[in-house]
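Visitor: Before I accept the labels used for this fold, I would like to hear how each of them is justified.

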Amino acid sequence: MQVKEFKVKWGMAIDIDKCTGCGACMVACQAENNLSPIEDASNKIKVMNWLVVYELSNKKPFPEHDVAYLPRPCQQCGHPPCVSVCPVIATDKNEEGGIVSQIYPRCIGCRYCMAACPYHARYFNWLDPVWPEGMEKALTPDVSVRPRGVVEKCTFCHHRFMQAKDKAIVEGRDPEALADGDYVTSCTEACPNGAIVFGDLNNPDHQVYHLARSKYASRLLERLHADTQVYYISRREWVRRQLDNYLDNEKVKG
């Protein structure tokens, strides 16, 4: 399938070597996108986390043992398998910047997209959203609250994209040529180590453009040819090997 070209292509470069697994990005994502808490957060079937941090291990005994942490948002695939299976066009790849959109009023909850996503980046809303008393006052006003029975996903904090364009218009700048840092996701903003860099993958003036072209950069399950817009950076070969399930006798790029 031919990948649609976008003038602007929003993406991430996540430095795994900088990530400590603190989970600040997960908390920021939940707060920014109005993900309601549930009574039993250990219930991995019903809990809602658009961004999950996974622990990787080289599986060697001490003193060679080593771990790494991998934040996994929606990968915003170039030709996403979730789009082609949706029977009601509730998800699409026509959004500005190449963001895979999710239109909640259209979703019928069939969960075909969840089955098709190789990154497990989609979540079904099993429960009505409920917040502890008073907590509803802290909801993000620009993000709609999703009802029970629909599939949810990371949208690269799309409302922040709209806010950045509005601000550019007010300041007399071109809203189609945002500067580096004008639009950043909540997880990028919250990371204490600067492990997540966000920007336009097509713009040489953006830091993410150069990070994505590093010899240490690779993409999750890259050999699926999903052309994802999230890049991972690690100088450790064993980490890059696990990103794409390399066999022991295969050479890892970089």
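Guide: This is a predicted model, and a nonpolar surface patch of about 290 Å² is made in it by Ile45, Trp126 and Leu127.

Visitor: Why is Leu127 called partly exposed?

Guide: The relative accessible area of Leu127 is 35%; buried means under 20% and exposed over 50%, so Leu127, at 35%, falls in between and is partly exposed. Its place is in the loop between β6 (122-124) and β7 (151-153).

Visitor: What makes Leu127 eligible for a patch?

Guide: Patch residues need over 30% relative accessible area, and the 35% of Leu127 satisfies that cut-off.

Visitor: How do you know that β1 and β10 pair, and in which direction do they run?

Guide: Pairing requires at least two bridges, and 4 bridges join strand β1 (residues 10-15) to strand β10 (residues 230-233), therefore the two count as paired, and they run parallel. Within this pairing, Ala13 stands opposite Tyr231 in β10.

Visitor: Which strands stand at the edges of the sheet, and why?

Guide: The open sheet has 4 strands in the order β8-β1-β10-β9, with mixed pairing. β8 (196-200) and β9 (217-218) are the edges because each has a single partner strand, which leaves one side of each without a neighbour in the sheet.

Visitor: Which residues touch the most other members of the largest nonpolar core?

Guide: That core has 51 residues, and those with the most contacts to other members include Trp10, Trp50 and Tyr232. Apart from it lies another core, of 8 residues, among them Ala13, Val197, Tyr231 and Ile233.

Conventions: Residues numbered from 1 in each chain as written. Predicted model: local features only at pLDDT ≥ 70, side-chain atom pairs only at ≥ 80, totals over all residues. Heavy atoms only, no water. Core = buried A, V, L, I, M, F, W, Y, C linked by side-chain atoms within 4.5 Å. Buried < 20%, exposed > 50% of the residue type's maximum accessible area, 1.4 Å probe, protein only. Patch = residues over 30% accessible without salt bridge, like charges linked within 9 Å, V, L, I, M, F, W, Y side chains within 5 Å. Areas by Shrake-Rupley, 256 points an atom, 1.4 Å probe, with all protein chains shown as cover. Salt bridge = Lys/Arg side-chain N within 4 Å of Asp/Glu carboxyl O.
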